[in-house]
Amino acid sequence: MKIAIIGGGITGLSAAYYLQKEILAKNLDAEYHLYEADSRLGGKIQTDYSDGFIIEKGPDSFLARKMSASRLAKEVGLEGELLYNQTGQAYVLKEETLHPIPGGAVMGIPTKWGPFVKTKLFSPLGKARAAGDLIIPKSGDGSDDQSLGKFFRTRLGDEVVDYLIDPLLSGIYAGNIDNLSLKATFPQFEEIEQKHRSLILGMKSSMAQKEEQPAQGKAKGNFLSFKKGLQSLVDSIENHLDEDVVHKNAPITLIKKKESGYEINFKDQSTAYFDRVIITTPLDVVKNMLPEDLHTDDFMEIPSTSVATVAMAFDEEQVKQEFEGTGFVVSKKSNYTITACTWTHKKWSHVAPKGKALLRCYVGRAGEEEIVEKSDEEILEVVLKDLNKIMNVEGRPSFSRITRWRQSMPQYEVGHKQKLKKMRELLDKEMPGIHLAGASYEGLGLPDCITQGEKAVHKVLSSVPEKPMAVSK
């Protein structure tokens, strides 16, 4: 069996690694090839090494509690390179004031009353409305999808949503939480509501169970990265793959169904034939590869938004911080262009030389994407202007790195899971043996993408026989 993997981002790399591993371990009668349109692998994972700084141009870390990423890192020899983030206070920018995120708040849901009552982030009326979660009935039986915004507004009220939950969740999806699907993004909160009726009581119960578990040394952060940045994960996976199966600078124009398997057409006019295909590219790229008769309303219609990261290197004395912590998110109701700022040298001590500071700001989200298309200088001016309303940044950075990610943040809107189910049913019917995986479908984070790549491999290999045993004469 010949298997093609299209796309060399973290999903495609993970699929290639686990496919190669399974073929060798189980002596399967199969071979694979990985095709990437770009000259490099890794997709959105890009680490810049300049003047002693380690600058992530895309994601800067991954969730430690989702084990697939750290497991893969250990398999490719990076266990000793894993680093937890420095813990510290994070803030929410409301109007022109940075408010500490209340202690005990989990994704904005209060689990401790003291910090929640004392915070100036919400009015007394807003706090009282949030406490209504304790008596409000469940929002349904969990069978129907609803937006994150509707769910949280019903349970905790508009203030907590607008000034805490929305900034936190929008930072992950760069989207409008009043459109994003609860089932496709944070189904665990729906499960908690169904089990406990109250989000607050459910989260308090969950946190109490964690606190009962014996502590394992010093408290660790929630995120992981590597001493040399996320690029080291890409490089290590690539080093474990057979050289002759990885093809860079190989854009694909069309995938044609044949009597048996598929013909892949490349931009250079060449073709190749495969029995199975794992496609890990973004959905807008997938659209151009597959036949037009698959482009229905139920298929290929997952919207996405554009964002940009703005990394700035300073001398430490240029950044006059009266706030100790790791950064802040910005309420949409505040008059700022930036959506968040990470004090990266505080969150990750290894990313900046001694005496230097590294700030990373974000611009762009659903409905506010125009800024992404401005020039580097215009974006930098806007970001510095915003920062100086909040904290005192003297002068200009010694250098900056602005990276635009156009149409890169898939929006899992209400009904996403049903849409995805129909999409896969149509593919199974019209083009069996084609498998979709990646950020457009079942999770944006590195662990989610790695898991999807691994799942796609298991689906493909379910019908591959073992090689016949050699008979000695």
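I5 stands opposite L34 in strand 2, and that pair is a handy place to start a walk through this predicted model.

**The parallel sheet**

I5 and L34 face each other where strand 1 (residues 2–6) and strand 2 (residues 31–35) run alongside one another in the parallel sense, joined by 5 bridges. Both strands belong to an open sheet of 5 strands, ordered 10-2-1-14-22 and paired in parallel. At its edges are strand 10 (246–247) and strand 22, each of which pairs on one side only. Helix 15 packs on this sheet, where it touches strand 1, strand 14 (276–279) and strand 22, and its direction makes about 170° with that of strand 14.

Helix 15 has another partner to look at. Helix 2 (residues 67–75) packs with helix 15 at an angle of about 70°, and their axes are 7 Å apart. At that angle, helix 2 is roughly perpendicular to helix 15. Which residues make the contact? From helix 2 come S68, A69, R71 and L72, and they meet P447, I450, T451 and E454 of helix 15. By class, this contact of helix 2 with helix 15 has 4 nonpolar, 2 polar and 2 charged residues.

**Antiparallel pairings**

Elsewhere in the chain, 3 strands form an open sheet with antiparallel pairing, in the order 11-12-13. Strand 11 (252–257) and strand 13 (271–274) are at the edges with a single partner strand each, so one side of each has no neighbour in the sheet. From one strand to the next, the twist averages 20°. Strand 12 (residues 262–266) is joined to strand 13 by 4 bridges in the antiparallel sense, and if you would like a residue pair to find on screen, E263 stands opposite Y273 in strand 13.

Another antiparallel pair is made by strand 3 (residues 47–50) and strand 4, with 4 bridges between them. Here T47 stands opposite E56 in strand 4. The two strands form a hairpin with 2 residues between them, and D51 in the turn has a positive phi of about 50°.

**Two cavities**

Strand 4 and helix 15 both come back when we turn to enclosed space. How many cavities of 30 Å³ or more does a search of the whole structure find? The search finds 2, and the table sets them side by side.

| Cavity | Volume | Lining by class | Element giving the most |
|---|---|---|---|
| Largest | about 110 Å³ | 7 nonpolar, 4 polar, 3 charged residues | strand 4, 3 residues |
| Second largest | about 60 Å³ | 3 nonpolar, 2 polar, 4 charged residues | helix 15, 4 residues |

The largest cavity is lined by 14 residues, and those nearest its centre are I54, E56, D60, T344 and V351. Two or more lining residues come from each of strand 4 (53–56), strand 9 (223–226) and strand 19 (356–363). E56 therefore turns up in two places in this account: opposite T47 in the hairpin pairing, and among the residues nearest the centre of the largest cavity.What lines the second largest cavity? Its lining is made up of R424, H435, L436, A437, E442, Q452, K455, A456 and K459. Strand 22 (434–436) and helix 15 (446–461) each supply at least two of these residues. Helix 15 thus appears in several settings: packed on the parallel sheet, in contact with helix 2, and as a contributor of 4 residues to this lining. Strand 22, for its part, is an edge strand of the parallel sheet and also helps to line the second largest cavity.

**A contact across the sequence**

One last stop is S304, which lies in strand 15 (residues 304–315). S304 and P410 are separated by 106 residues in sequence, yet their C-alpha atoms are 4.1 Å apart in space. Leaving aside residues up to four places away in sequence, S304 touches E369, Q407, M409, P410 and Q411.

How values were computed:
Residues numbered from 1 in each chain as written. Predicted model: local features only at pLDDT ≥ 70, side-chain atom pairs only at ≥ 80, totals over all residues. Heavy atoms only, no water. 1 Å grid on protein atoms, 1.4 Å probe; cavity = no way out; pocket = protein on both sides within 12 Å on 5 of 7 lines; lining within 4 Å. Points joined across faces, edges and corners; volume = space filled by probe spheres on them. Nonpolar A, V, L, I, M, F, W, Y, C, P; charged D, E, K, R; others polar. Pairing = 2+ DSSP bridges. Contact = heavy atoms within 4.5 Å. Axes fitted to C-alpha atoms, helices over the stretch in contact; angles between N-to-C directions. Parallel < 35°, antiparallel > 145°, perpendicular 65-115°, else oblique.
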